[in-house]
Amino acid sequence: MATARASEARWQKGEPQGLLDGVPVALKDTLLTRGWPRLLGSRTIDPNQEWEEDAPVPVRLRAEGAVFFGKTKTPEFDWKGVTDSPLSGTSRNPWNLERTPGGSSGGSAAAVLSGVCPLAVGTDAGGSIRIPAAFCGIVGLKPTFGRVAAYPQGAFGDVAHVGPMTRTVEDAALMLDAIKGSDSRDWHSLPDDGIAYCQSVAKGSLVGERVALSPTLGYAEPEPAVRAAVERAGGVFAELGALVEPAHPFTESPMPIFETLALGGFWALLQAQKPEAVALMDPGLVETCRRGEAVTQEQYVEAIAQRVALGQRLRLFFDRFDLLLSPTMPIVAAYADPRSDNMPNPNNAWSWVTYTYAFNLTKNPSCSIPCGFADGLPLGLMVTGPLYDDLGVLQACRAYEIAAGPTWPSAELTSCLDKIARPADAGVKAKRWMNRQ
């Protein structure tokens with residue numbers, strides 16, 4: 001409230017500060033934030049300690065005048081594609097409370113969707129920005145690795161990205177302007193590229209752009225409704241003048257590479273915990289961490305070599321194409337609670353987190369935007385570009401966003417807001433906010 005009042009005073013004087021003065025921004029609870037605990041969805045972390053340091057993104061957002069009002073849920077240590085934890089329970093999808101908003105940035109996605117805030121920060125080590133963006137029908141950008149500085153480094157090392165989660169592509173571009181740039185605490189971080197993303201995002205043209213359309217990425221068939229929506233999106237790109245052709249970047253799933261590297265990180269995470277802390281952790285996380293003990297040094301080194309070859313393959317692919325269109329997720333939002341059947345749920349998440357992690361391995365910029373609706377739930381289109389071409393990805397997403405128009409049925413949106421109203425007037429407030437948008 002003190003930050004908001006200071007912003008109000010600046011606006012009353014006609015002296016706003018930065019790009020986001022007074023804008024409420026939600027921070028995922030993986031980000032160090034001065035004065036607030038960083039609990040990572042875990043009961044193993046003592047909140048009663050001094051929290052005196054900001055991660056790079058909060059530093060930049062403070063400088064731009066953003067107002068922090070709360071932190072958003074994450075599964076324990078960001079470990080899965082749904083958002084539930086021993087610390088804070090289960091996050092649910094505002095469209096349908098039986099479904100998950102995805103993970104691990106599901107709290108940020110639900111906050112943006114339900115109108116709690118216009119902007120939120122997410123992190124993405126295997127899809128954790130884009131999965132929730134697709135399941136909730138918002139925009140989620142995983143920038144080029146290093147474009148946004150990250151500190152401290154988590155268990156998943158150089159597959160982990162930080163990026164914006166917003167309602168519109170323009171807002172994502174504005175937020176990228178605010179948070180990009182290097183920080184000496186992150187030796188992977190890239191220097192500021194000097195691009196004003198928000199000013200440039202609507203200036204691009206798709207005429208003559210070479211666009212690959214891959215509903216399967218070469219290895220996994222999505223649900224029919226998802227395939228149809230992605231193919232329709234390809235048609236929109238063609239109408240905008242792009243040269244769209246079917247082409248697959250991969251011939252087989254890179255999951256074995258990702259899983260080997262991830263399990264190594266999980267095992268290191270578990271080894272850092274004291275026995276009494278392990279007893280407090282999510283049993284599913286502990287079980288996954290223990291699987292990492294079986295990863296040999298030879299397997300880990302081989303996975304690194306395979307990752308290098310995968311990145312090389314994708315760079316050669318982007319010598320032929322400017323953009324790649326694919327599904328973000330092969331399904332609509334999974335169920336939020338564990339089930340005994342085979343329906344997508346937290347128990348079988350590895351089987352439906354199918355496409356996103358490939359671009360963490362290769363470090364490419366990749367953005368999920370809404371592209372339709374099925375069974376009362378949103379669908380996501382993933383737009384991926386060459387390394388460092390974050391602007392090209394955002395311009396393509398903005399062009400599609402304008403051409404495709406609204407993807408949310410208004411009656412279902414109103415119903416969604418009525419269901420999530422807590423207290424009774426919250427839905428009215430959220431609807432008023434969305435009408436202003």
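I looked first at the lining of the largest pocket, to which helix 11 gives the most, six residues. Helices here are DSSP runs (H or I, at least four residues), numbered from the N terminus. A pocket is an open set of points on a 1 Å grid over the protein atoms alone, where a 1.4 Å probe fits, with protein on both sides within 12 Å along at least five of seven lines; lining residues have an atom within 4 Å of a point.

I noted that the model is predicted, that local features need pLDDT (the predictor's confidence in each residue, from 0 to 100) of at least 70, that side-chain atom pairs count only at 80 or more, and that totals for chains, interfaces and linings use all residues. Residues are numbered from 1 along each chain as its sequence is written, and side-chain values use heavy atoms, without hydrogens and water.

I read the pocket's space as about 950 Å³, the volume filled by probe spheres set on grid points joined across faces, edges and corners. Of its 43 lining residues, those closest to the centre include Val159 and Phe258.

I then looked up Phe258, which is buried at 11% relative accessible area (buried is under 20%, exposed over 50%, partly exposed in between, with a 1.4 Å probe and protein chains only). Its ring and that of Trp350 have centres 6.5 Å apart and planes at 50°, a tilted pair. Rings of Phe, Tyr and Trp (its six-membered ring) pair if their centres lie within 6.5 Å; planes under 30 degrees apart are stacked, over 60 edge-to-face, the rest tilted. Trp350 is partly exposed at 37%. Phe258 is in helix 8 and Trp350 in helix 12, 92 residues apart.

Terms used. Helix = DSSP H or I, 4+ residues; strand = E, 2+ residues; numbered from the N terminus.
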